[in-house]
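Let's take a walk through this protein together. Keep the picture open while you read, and try to find each piece as we get to it.

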Amino acid sequence: MDAPVSSEVKNILGLQLPTDPRWVDLAAISIADILTDHAYCEQKAATTCISLIQRYPEKTLMVKELAPIVTEEWGHFRLVLQELEKRGEQLGRQRKDEYVNHLLNFQKKGGHPEDRFLDQLLTMAMIEARSCERFKRLSEGLQDEYLRKFYRRFMESEAGHYKLFIELAEHYIDKEKVRKRWAEWLEAESVIMQQLTVRGDRIH
Ligand SMILES: [Fe+2]
Ligand SMILES: [Fe+2]
């Protein structure tokens with residue numbers, strides 16, 4: 001239950017709680033479902049970046065940095081689609097994403113616009129960090145050598161995205177404020193992780 005997340009991931013990402021190790025086993029036996037959910041998560045990553053650009057066009061640096069991420073996330077979506085196709089599988093229907101819904105509930109909806117902006121960036125950072133951790137688990141825990149490499153690529157890419165969202169937050173908002181709020185996010189996320197039952201259906 002409480003196998004330690006590698007210190008590397010913990011230090012880089014600050015995640016408080018590792019994914020339950022049983023999750024990789026579940027993932028291994030329902031890879032088509034994993035790929036379908038993963039495909040939608042990549043899609044959502046792309047559309048959320050587009051939404052941020054639409055909401056904050058005056059944030060020039062953010063627009064410039066997120067524009068290529070949209071392409072990259074869409075590229076991820078296409079890679080996952082290809083993988084489904086190779087396996088003779090189709091993209092399934094989108095399922096409710098409880099994890100993301102919980103994170104969205106934690107976002108500040110009122111208050112100062114800067115706080116709302118910060119939370120939107122940190123939500124993305126959080127999702128990227130957890131994705132990275134799960135991809136790492138898959139890249140280390142799956143039997144299939146090809147899939148291990150497949151997920152390693154995603155892991156590296158999402159780690160870069162996590163870093164970018166934190167850097168963007170620090171560019172626009174006082175670093176100390178970002179650090180404090182990020183600590184609150186990490187705490188809230190670990191509670192969410194504890195609340196959610198072990199499921200093999202969420203990785204990005
Ligand atoms: Fe991605
Ligand atoms: Fe990403």
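This protein has eight helices and zero strands. Read from the N terminus, the elements go α-α-α-α-α-α-α-α. Keep in mind that this is a predicted model. Of the 204 residues in the protein, 33% are buried. And how do the contacts spread along the chain? Among contacts with a separation of 6 or more, 75% are between residues 24 or more positions apart.

**Two helices up close**

Let's start with helix 3 and helix 4. Here is how each one's length works out against the expected value:

| Helix | Residues in helix | First to last C-alpha | Expected at 1.5 Å a residue |
|---|---|---|---|
| Helix 3 | 25 residues | 35 Å | 36 Å |
| Helix 4 | 27 residues | 40 Å | 39 Å |

So what's tucked away inside? In helix 3, the buried residues include Ile34, Leu35, Ala39, Cys41, Ala45, Cys49 and Leu52. Asp37, His38 and Glu42 are on that buried list too. In helix 4, the buried residues are Met62, Leu66, Ile69, Glu73, His76, Phe77 and Val80. Look at the numbering there, and remember that an α-helix has 3.6 residues a turn, so residues three or four places apart point the same way.

Which helices do the buried residues of helix 4 pack against? They pack against helix 3 and helix 7. Just after helix 4 comes Gly88, with a positive phi near 70 degrees.

**How helix 3 meets helix 4**

Helix 3 covers residues 31–55 and helix 4 covers residues 60–86. They pack at an angle of about 160 degrees, and their axes are 8 Å apart. An angle over 145 degrees counts as roughly antiparallel, which means helix 3 is roughly antiparallel to helix 4. Their crossing is left-handed. What kinds of residues make up this contact? There are 20 nonpolar, three polar and three charged residues.

**How helix 6 meets helix 7**

Now move along to helix 6 (residues 113–141) and helix 7 (residues 145–172). At what angle do helix 6 and helix 7 pack? The angle is about 160 degrees, with the axes 8 Å apart. That makes helix 6 roughly antiparallel to helix 7. Helix 6 goes past helix 7 in a left-handed crossing. The residues in this contact split into 20 nonpolar, three polar and five charged.

Terms used
Residues numbered from 1 in each chain as written. Chains lettered and ligands numbered in written order. Predicted model: local features only at pLDDT ≥ 70, side-chain atom pairs only at ≥ 80, totals over all residues. Axes fitted to C-alpha atoms, helices over the stretch in contact; angles between N-to-C directions. Helix = DSSP H or I, 4+ residues; strand = E, 2+ residues; numbered from the N terminus. Parallel < 35°, antiparallel > 145°, perpendicular 65-115°, else oblique. Left-handed = near helix turned anticlockwise from the far one by under 90°. Nonpolar A, V, L, I, M, F, W, Y, C, P; charged D, E, K, R; others polar. Expected span 1.5 Å × (residues − 1). Buried ≥ 20, exposed ≤ 12 C-beta atoms within 10 Å, placed from the backbone. Contact = placed C-beta atoms within 7 Å.
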